[in-house]
Amino acid sequence: MGSSHSKARKTAARAAPSTPPAADEVPKAAAADAATATAPIAAEVPSPAVEAAPAPASAVPELFSRGYCPFTSMVRIALAYKKADYKFTLWAPNDPAPEWLAAASPDNSVPVMRLPDGSYTNQSAAMLDWVENVYAAGEPSLVPSDVGAEKVKEWLTFARAQFISSFMKVMRAPKPAIQKEFQPKLKEAIEKINAQLESHSGKYFFGNDFSMVDVVLAPIIRRLPLITYFRAVDFTTPRVTAYIAELEKTPAVEQVVWPLDSIRKSLINALPRRKAMSAGSLQHKTFRFQYNKAIGFTDELLALSPSSADLTVESVVSLSKKISDRIVTITLFIDNHADFEENIIYPKFEEIKPGSTKFAHEEHEHEIGILKEFKEGYAAHHAAVEEAAAAGDAAATLAKAVSLYGGAQLEKLKQWRDSMMAHCDGEEKHLFPLTESLGDKEVELFRKVYYHCCPVREKLLPVVLESLTPPERMQYMHNMSLAVHKVDPAEWSLCGRIARECLSKEEYDDLVERLPVMVDAQ
């Protein structure tokens, strides 16, 4: 666990109801798909470290853990680097805890170490200090002499308080808002690590000597690809990537850490998914994506040169159609979204908090005219471009398209986007928290939303899936599964067919891996 948690303390063996099981009595090691176990992170290295008399020649420390705990890996890396003998017991995540664990680790965190003197500690930082102190003689030090203990301690504090704590929040916080809040902090911590690595040409954190900072960083920093996989952000740099590669080749690390693929597969099942009504915020993301696509196509059109030899009538008409189609899709989507809110969601919110939807309802009323204006206007724009294209003059066709889609029209589109996203932000801030009051009724309410949208699902579901990152795509299909997987298998199969048809094979296979219930939709 982390370094200075108030409940994490050395505990005398006599305080335990019973002693740890003998070697032949311990539970079997966890299977490869064991769920990751993590523990709270604290800011400072404990001082003084756990004290223990030198162990007799036949006595060795015993380490107990479960799952893919990275803090356990830190201790094992240090022991492996020191070539120290120790006993290691890995419990499966669902194995019942032995009685003695309550005294040895009051907060039930892992790892737990029983020292040769019979005492316990569940502080990974204390274990690392103990390993360095007890196995100091005749073994390579994890505190390089040219670096010094104070500098190592300073960087350890940074690693635990900033890098590891931010990593854990981004990876494991149940609420997306918290994950997002800590992403800049994680990025900043990685930038600081990168700057330190860039300050020298050695392969480890301080240079060519493996140190305690490398021990602490290794099990976490090598998991950065999991942040990209699950959170769709990538903060790595070439120097950090090279550093990770060196760590992976270090024997003490290589022989201890678990394969990333095994950890990733365990997290697919272990990480919490959002509730059914989170589909609303994912649809809001879809709006933004589609707006920006339409604006991007417009910018691409405006960038065409009338004097270019590559300019063709077909290229202008194609871009015009892409812009018009996006706007028509946006208006259909927003209209459908507002319709189920007005007929299904808002009445429920009014039951929970009377008057809560008044402002949002008024904005919907205002949007009706805007939706019609943009839908009809852009359809007319494209028709005019096609009419101009009939003459076969690419430059004249481009001039017509630019006059219709550029200038004031483009600014109007951007203003509409900004206004709509402000409306969405207001809903998420003031109305979405009301879903917390729904309890078990949330899935039932979302099921009503799903069936309300069925007439346009084949048109709109591909739009949503195109707009989302792989983790968000998984979440959206998970929401669909909550609505229909068990109660309407035929409808769930239809969802699967739509997903297969609109996604590439690689994207669909990725979705199935992230959401195994998709197998039932094939």
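Which residue forms a salt bridge with E132, and how far apart are the closest N and O atoms? Keep that question in mind as you work through these exercises on a predicted model.

**Exercise 1. Find the salt-bridge partner of E132 and work out which parts of the chain the pair connects.**

Step 1. Start with the rule: a side-chain nitrogen of Lys or Arg must lie within 4 Å of a carboxyl oxygen of Asp or Glu. K82 meets the rule with E132, as their closest N and O atoms are 2.9 Å apart.

Step 2. Now place both residues. E132 belongs to helix α3 (residues 124-134) and K82 to the loop between α1 and β2, so the pair ties together parts that are 50 residues apart in sequence.

Step 3. Check the surroundings: both E132 and K82 are buried.

**Exercise 2. Describe strand β1 and its neighbours in the sheet.**

Step 1. Look at how covered the strand is. β1 spans residues 62-66, and five of its five residues are buried. E62, F64 and R66 point one way, while L63 and S65 point the other way.

Step 2. Turn to one neighbour, strand β2 (residues 87-91). β1 and β2 pair in the parallel sense over five bridges, and E62 stands opposite K87. To get from β1 to β2 the chain passes through helix α1 (residues 70-81), making a right-handed β-α-β crossover.

Step 3. Turn to the other neighbour, strand β3 (residues 112-114). β1 and β3 run antiparallel and are joined by three bridges. Here R114 is the bridge partner of E62, and V112 stands opposite F64.

Step 4. Put the sheet together. Its four strands come in the order β2-β1-β3-β4, with mixed pairing, and the sheet is open. β2 and β4 (120-121) are at the edges with a single partner strand each, so one side of each has no neighbour in the sheet.

**Exercise 3. Compare the salt bridges E62–R114 and K358–E362.**

Step 1. Recall the idea behind such pairs. Side chains of opposite charge can pair when their charged atoms come close.

Step 2. Take E62 and R114. Their side chains meet in a salt bridge at 2.3 Å, N to O. E62 lies in β1 and R114 in β3, so this pair ties together parts that are 52 residues apart in sequence. Both E62 and R114 are buried.

Step 3. Take K358 and E362, whose closest N and O atoms are 2.6 Å apart. They are four residues apart in helix α13 (residues 358-389), so about one helical turn separates them.

Step 4. Classify K358 and E362 by accessibility. K358 has 54% relative accessibility and counts as exposed, because the exposed class is over 50%. E362, with a relative accessible area of 39%, is partly exposed.

Step 5. Look for a network. D261, R264, K265 and E513 are joined into one by salt bridges that share partners. By the rule used in Exercise 1, the model has 23 salt bridges.

**Exercise 4. Decide how helices α12 and α16 are arranged.**

Step 1. Choose what to look at. Two packed helices are described by the angle between their axes and the distance between the axes.

Step 2. Read off the values. The axes of α12 (residues 313-352) and α16 (residues 441-452) come within 10 Å and cross at roughly 165 degrees.

Step 3. Classify the angle. Angles over 145 degrees count as roughly antiparallel, so α12 is roughly antiparallel to α16.

Step 4. Add the handedness: α12 passes α16 in a right-handed crossing.

Definitions and conventions. Residues are numbered from 1 along each chain as its sequence is written. This is a predicted model: local features need pLDDT of at least 70, side-chain atom pairs count only at pLDDT 80 or more; totals for chains, interfaces and linings use all residues. Side-chain values use heavy atoms; hydrogens and water are left out. Buried means under 20% relative accessible area, exposed over 50%, partly exposed in between (1.4 Å probe, protein chains only). Helices (H or I, at least four residues) and strands (E, at least two) are DSSP runs, numbered from the N terminus. Two strands pair if DSSP finds at least two bridges between them. A crossover is right-handed if, with the strands pointing away from the viewer, the path from the first strand over the helix to the second runs clockwise. Axes are lines fitted to C-alpha atoms, for helices over the stretch in contact, and angles run from 0 to 180 degrees between N-to-C directions. Angles under 35 degrees count as roughly parallel, over 145 as roughly antiparallel, 65 to 115 as roughly perpendicular and the rest as oblique. A crossing is left-handed if the near helix is turned anticlockwise from the far one by less than a right angle, and right-handed if clockwise.
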